[in-house]
Amino acid sequence: MHIPIFLRDKIKKHILDISILLLSIILFNIFFPYSVYTIPNLKKGDIASRDIIAPITFDLLKNSTILKMERQLAYDNVPPVLIFDEKATQNTINELYKLSVFLDSMKMNLWKQDNKKRILSKRYPSLSKELIEILLSEKGEKVLSYAGGALNDILSKGVISDKISIPFGKDKKVVIEKNGKEHIVGVEEIFDLNEAMHFIKQDITSKYSSNSFLLKYSPELTQSIIKPNLSVDIAETSFRRENARNSVQKKVGVILKGEIIVRANEIVDESVEDKITSMYTYMSPKQNSFDRVIRFLVKNMIFFIIFFLYILFINSQFKKLNIRKRDKIFISSVFILNILVYGLFYQFAHIEYLLPVLLSSILISLLYSRTFALVSLLFNLSSLILYSGLRMQGLLALLISSIYAIYLIRERGSRKHFVSVIVRVGLVNGIFAFLIELYGETSFGQAIISSVYGFINGVISIILVTAFIQILERILGKVTRISLMDLLDLNHPLLIDLAEKTSGTFNHSMVVASLSEKAALAINADELMAKVGGYFHDIGKMEKPEYFIENQNRDFNPHQSLPPEISATIIKEHIIDGEKMANKHKIPSQVTAFIKSHHGTSTIEYFLEKSKSQDPLTDDNKYRYDGPLPKTNEETIVMLADSVEAGVRSLSNPDEQGMKRTIETIFEKKLRDGQFNESEMSVANILIIRDVFSNVLKGIYHPRVDYDNIGKK
Ligand SMILES: [Fe+2]
Ligand SMILES: [Fe+2]
């Protein structure tokens, strides 16, 4: 396939984003295969993992076994339909009448008796000779008359050739359709041919006597003439039976949207199973259509749009938060962790309160920014809702407590506040889970369980963050406020050493830290970072403390006996020594940057002047620090604070004017010397910092100046 070059370049550039997008879509669709409603298909005896609430209004259907039984019953209840054939009845009667007329004409005829018999038996071959003889005799009249009466009786009730052929239902009843009217009668009320003969014989016996000639001849005559006048209407019977079967109501009721089908942790009984089966039956035709494909596409399209907006946001933060490939990988891993946890465990009750959404929010807030964490939170939750139909109330609790955690962790995220942060985040998550569940009409007990889950999630998240934040910081090359707070603890071994070995440098560092913190606050830079930079910038001086003016007493200065170039080399060494110490103590690189850059490439003026006084051709560069120049706002602040503190301290009589002048001179010199050439600091901010320094230093030095003057008076 040919891909245009511009497209190929675009794909190459965004290969990471595309991979994350595809991976997320695949995972989502694996874990949350298409269904409008994600409700577990529970069977009788299962335990409900969570509250199941009807997502739609649907008909409650009969249990399939019961329905089958009811349908069979309805089918069986329909009696077979027999058609009463009026014509067949008439034909039989006519047949007898014709015989009687024929016999009359025979009797009146003067033919020989034998001829008459021959003609008769030719016409009625089924009649025996004896019967023919009787019919032609005096008794014939009686036989005929009895047969006529009997036939009338029998045919009017109905005669079927054979009762075995009747497809009976539940009971032995039949419907007889006669002259457009229907009668239901018991099968014993109609006759088959055998029964008809049996009936006649019994009738004659009871009416006459058992040796009457009627008993001998009437049944024979009837049998030879009678034709069944009832027949089974098979088509009508099965039509009626199918109708009855199909008209059994499948529906036994209605389940309304929002109705609770089963509570979490309850055993699913037959009625619950029926409700769930009914719901699936209601939904399945809707899922098998074209609709299904469209919904699938639309859902993934929505996710694509959300993802696209999120990536746009991340990329917009690219420069500000120094986001690199590994950051994107980290952020998407956290996102995918959420898909996995929810995808694997979403069958469990109240799992949404345990989702690591809280954990990811806290991590992103710590490692990047609050805004970033908020946007990620919204992205995270909206994708989960989209695919899983996550219960809204669980989501709401998670949203609120995550927002709280995002803010809290950047205010109070330090080991010192560890317990308080755990309790707060846990409580907020727990309380919200409880209130929202209660509002959502969940039972009190379930609300309590949710709140316990919420609390546990809060506690676990903070514990995990504290446990893994340092590893993450190292992998991602970030410093979070948790680490910065650790470094600001004066019990840090390097700071204890600094205080013990170099009380002068220690004091200097404290003042630089305080100046830097205030300056950073004033220009909206990271005040914690600036303060830590102030604390650690001069730790290298611990190697040879006596070579630095702030640690010298009046009696001894080791530089007096050294050539200025050597002195400068020793002074410069505090940068390299500091870096070594920092590495040994695993100080984050962002903090070590302060050690390396706080002098930039400025000159060590005192010794440069000293050298120039001896040799006017002195090379300035030998007295320059090796750099690098400060880059971040915080590094720039510490460089300025460092020079300003040293400068003001060297004033013999620091009054307000003197201090202001000194500060201005230092700022101007640094600027002219190009020390801010690589800094992100704006000129406007430099001016703000200058004022902050003047004000702070005035507070530190002024009182002492006044007391001195008073003392002199
Ligand atoms: Fe220094
Ligand atoms: Fe310093």
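At what angle do helix α13 and helix α15 pack, and how far apart are their axes? The close-ups below start there, in what is a predicted model.

**View 1. Helix α13 packs with helix α15.** The angle here is about 30°, and the two axes are 11 Å apart. Helix α13 covers residues 325–345, while helix α15 takes up residues 370–388. As for handedness, the two helices make a right-handed crossing. On the α13 side, I331, F335, N338 and Y342 make the contact, and S376, N380, L384 and S388 meet them from α15. Sort those residues by type and you get four nonpolar, four polar and no charged.

**View 2. A closer look at N338, in helix α13.** Is N338 buried or partly exposed? N338 counts as partly exposed because it has 19 C-beta neighbours inside 10 Å, and buried would take 20 or more. Setting aside residues within four places in sequence, the contacts of N338 are L355, P356, V357, S360, N380 and L384. Two of these names, N380 and L384, belong to the α15 side of the helix contact in View 1. Another one, S360, sits 22 residues from N338 in sequence, with 8.6 Å between the two C-alpha atoms.

**View 3. S388, in helix α15, and its distant partner in sequence.** S388 is one of the α15 residues that make the contact with α13. With 17 C-beta neighbours inside 10 Å, S388 is classed as partly exposed. Look for F28 in this view too: S388 and F28 are 360 residues apart along the chain, yet their C-alpha atoms are separated by 8.4 Å.

**View 4. N457, a buried asparagine in helix α18.** Helix α18 spans residues 444–476. Why does N457 count as buried? It has 26 C-beta neighbours inside 10 Å, and the cut-off for buried is 20 or more. Beyond four places in sequence, N457 is in contact with Y353, L354, L358 and N429. Don't expect to find F506 alongside: F506 is 49 residues from N457 in sequence and 42 Å away, C-alpha to C-alpha.

**View 5. Two loop residues with positive phi, N179 and K586.** Most residues other than glycine have a negative phi. N179 has a phi near 50° and lies in the loop between β5 (173–178) and β6 (181–186). Only 7 other C-beta atoms lie within 10 Å of N179, so this residue is exposed. K586, also not a glycine, has a phi of about 55°. Its loop runs between α23 (564–584) and α24 (589–597), and K586 counts as exposed, with 8 C-beta neighbours inside 10 Å.

**View 6. Domains 1 and 2, with their centres 70 Å apart.** That distance is between C-alpha centres. The domain assignment builds domain 1 from 32–62 + 249–288 and domain 2 from 85–170 + 188–226. Also on the list are domain 3 (301–468) and domain 4 (488–712).

**View 7. Confidence along the chain, down to residues 703–713.** Mean pLDDT for the chain is 84, and 93% of residues reach 70 or more. Among the elements, helix α22 (residues 527–536) has the highest mean, 93, and helix α28 (residues 683–712) the lowest, 70. Over residues 703–713 pLDDT stays under 50, and the model gives this stretch two contacts beyond four places in sequence.

Technical notes. Residues are numbered from 1 along each chain as its sequence is written. Chains are lettered from A and ligands numbered from 1 in the order in which they are written. This is a predicted model: local features need pLDDT of at least 70, side-chain atom pairs count only at pLDDT 80 or more; totals for chains, interfaces and linings use all residues. Axes are lines fitted to C-alpha atoms, for helices over the stretch in contact, and angles run from 0 to 180 degrees between N-to-C directions. Helices (H or I, at least four residues) and strands (E, at least two) are DSSP runs, numbered from the N terminus. A crossing is left-handed if the near helix is turned anticlockwise from the far one by less than a right angle, and right-handed if clockwise. Two residues are in contact if their C-beta atoms, placed from the backbone, lie within 7 Å. Ala, Val, Leu, Ile, Met, Phe, Trp, Tyr, Cys and Pro count as nonpolar, Asp, Glu, Lys and Arg as charged, and the others, Gly among them, as polar. Domain bounds come from an automatic or database domain assignment. A residue is buried if 20 or more other C-beta atoms lie within 10 Å of its own, exposed if 12 or fewer, and partly exposed in between; C-beta atoms are placed from the backbone. pLDDT is the predictor's confidence in each residue, from 0 to 100.
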